[in-house]
Amino acid sequence: MAYYGHRPPADAQFLRAIFQRVDKDRNGHISGDELQEALSNGTWSPFNPETVRLMIGMFDRDKSGTITLDEFGALWRYVTDWQETFKSFDQDNSGNIDKIELKTALSSFGYRFSDPFYSTLVRRFDRSGRGSITFDDFIQCCVTVQMLTDAFRNYDTRQTGWITITYEQFLTLIFHQKTI
């Protein structure tokens, strides 16, 4: 499903054809397994199941646990937009995002973290243990940071970057996130 090189037009006929190729059992819904099989992270390894679960949760408007053709168009645009973003920050064209590239990406999104925290992010989202993040893990990393930031901001009412919460509030904040 993920095509490297160019972004194909996302017209209805094109999307229907892609959807039908991904919908292996022809039931009109794309399951997590079907989506995982169809997606490519550029490394010939399976797409991260957690990232697939996250994306299905984001685009499954009818809460069926699957993606319908109507939901697929938004998912397709989301993945292709992330491909363009990933390629723009993969400065060495390695097919992976290293710590410096991740810092550049997240900084351009408005985040300002310490160097040790970028190392923590790479360790957390590097499934291969090579010190870099693949395409699918990059999506999960960025979405996780955004979701946790949004959750934090709900408590940071004065936008100071500091919050005081109880341990239970902290656990609630973390466990309500779909990526944890």
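Which side chains meet in a salt bridge at 2.9 Å, N to O? In this predicted model, the pair is Lys103 and Asp115. The two residues sit 12 apart and tie together distant parts of the chain, with Lys103 in helix α5 and Asp115 in helix α6. Neither end is tucked away: Lys103 is partly exposed at 33% relative accessibility, and Asp115 is also partly exposed, at 37%.

Before going further, a word on confidence. The protein chain has an average pLDDT of 87, and 90% of the residues reach at least 70. Among the elements, α5 comes out highest at 97, while α2 has the lowest mean, 86. Residues 1-8 are another matter, with pLDDT below 50, although the model does give this stretch 30 contacts beyond near neighbours in sequence. Where pLDDT is low, the predicted coordinates should not be read in detail.

Back to the charged pairs. The whole structure contains five salt bridges. One of them stays inside a single helix: Glu84 pairs with Lys87, and their closest N and O atoms are 3.4 Å apart. These two residues are three places apart in α4, so about one helical turn separates them. An α-helix has 3.6 residues a turn, so residues three or four places apart point the same way. Both partners are partly exposed, Glu84 at 34% relative accessibility and Lys87 at 29%.

A further salt bridge brings the side chains of Arg127 and Asp136 to 2.7 Å, N to O. Here the two ends differ in exposure: Arg127 is partly exposed, at 45%, whereas Asp136 is buried, at 0%. The pair does not stand alone, since Arg127, Asp136 and Asp137 are linked in a network of salt bridges. Asn48, from the loop between α2 and α3, comes up against this group. Its side chain makes a polar contact of 2.6 Å with that of Asp137. Leaving out residues up to four places away in sequence, Asn48 touches Arg127, Asp136, Asp137 and Gln140. Although it belongs to a loop, Asn48 is buried, at 5% relative accessibility.

The nonpolar side of the story is told by the largest core, which has 40 residues; Phe72, Trp82, Leu102, Leu121 and Phe138 touch the most other members. Two or more residues each come from α1 (12-22), α2 (32-38), α3 (49-59), α4 (69-89), α5 (99-108), α6 (115-125) and α7 (135-155). With eight residues, α4 gives the largest share. In soluble globular proteins, nonpolar side chains tend to be buried together. Leu121 gives a closer look at the packing: beyond neighbours within four places in sequence, it is in contact with Leu102, Leu106, Ile133, Cys141 and Val145.

As for α4 itself, this helix has 21 residues and spans 31 Å from first C-alpha to last, close to the expected 30 Å. Its buried residues include the aromatics Phe72, Trp76, Tyr78, Trp82, Phe86 and Phe89. Leu75 and Val79 are buried as well. The buried set also takes in Glu71, Gly73, Thr80 and Gln83. Helix α4 thus combines the largest share of the core with the salt bridge between Glu84 and Lys87, both of them partly exposed.

Notes: Residues are numbered from 1 along each chain as its sequence is written. This is a predicted model: local features need pLDDT of at least 70, side-chain atom pairs count only at pLDDT 80 or more; totals for chains, interfaces and linings use all residues. Side-chain values use heavy atoms; hydrogens and water are left out. A nonpolar core is a set of buried Ala, Val, Leu, Ile, Met, Phe, Trp, Tyr and Cys residues joined through side-chain atoms within 4.5 Å. Buried means under 20% relative accessible area, exposed over 50%, partly exposed in between (1.4 Å probe, protein chains only). Helices (H or I, at least four residues) and strands (E, at least two) are DSSP runs, numbered from the N terminus. Contact means heavy atoms within 4.5 Å. A salt bridge is a side-chain nitrogen of Lys or Arg within 4 Å of a carboxyl oxygen of Asp or Glu. The expected span of a helix is 1.5 Å times one less than its number of residues. pLDDT is the predictor's confidence in each residue, from 0 to 100. A polar contact is a pair of N or O atoms within 3.5 Å; within protein, one must be able to donate a hydrogen and the other to accept it, and residues adjacent in sequence count only if both atoms are side-chain atoms.
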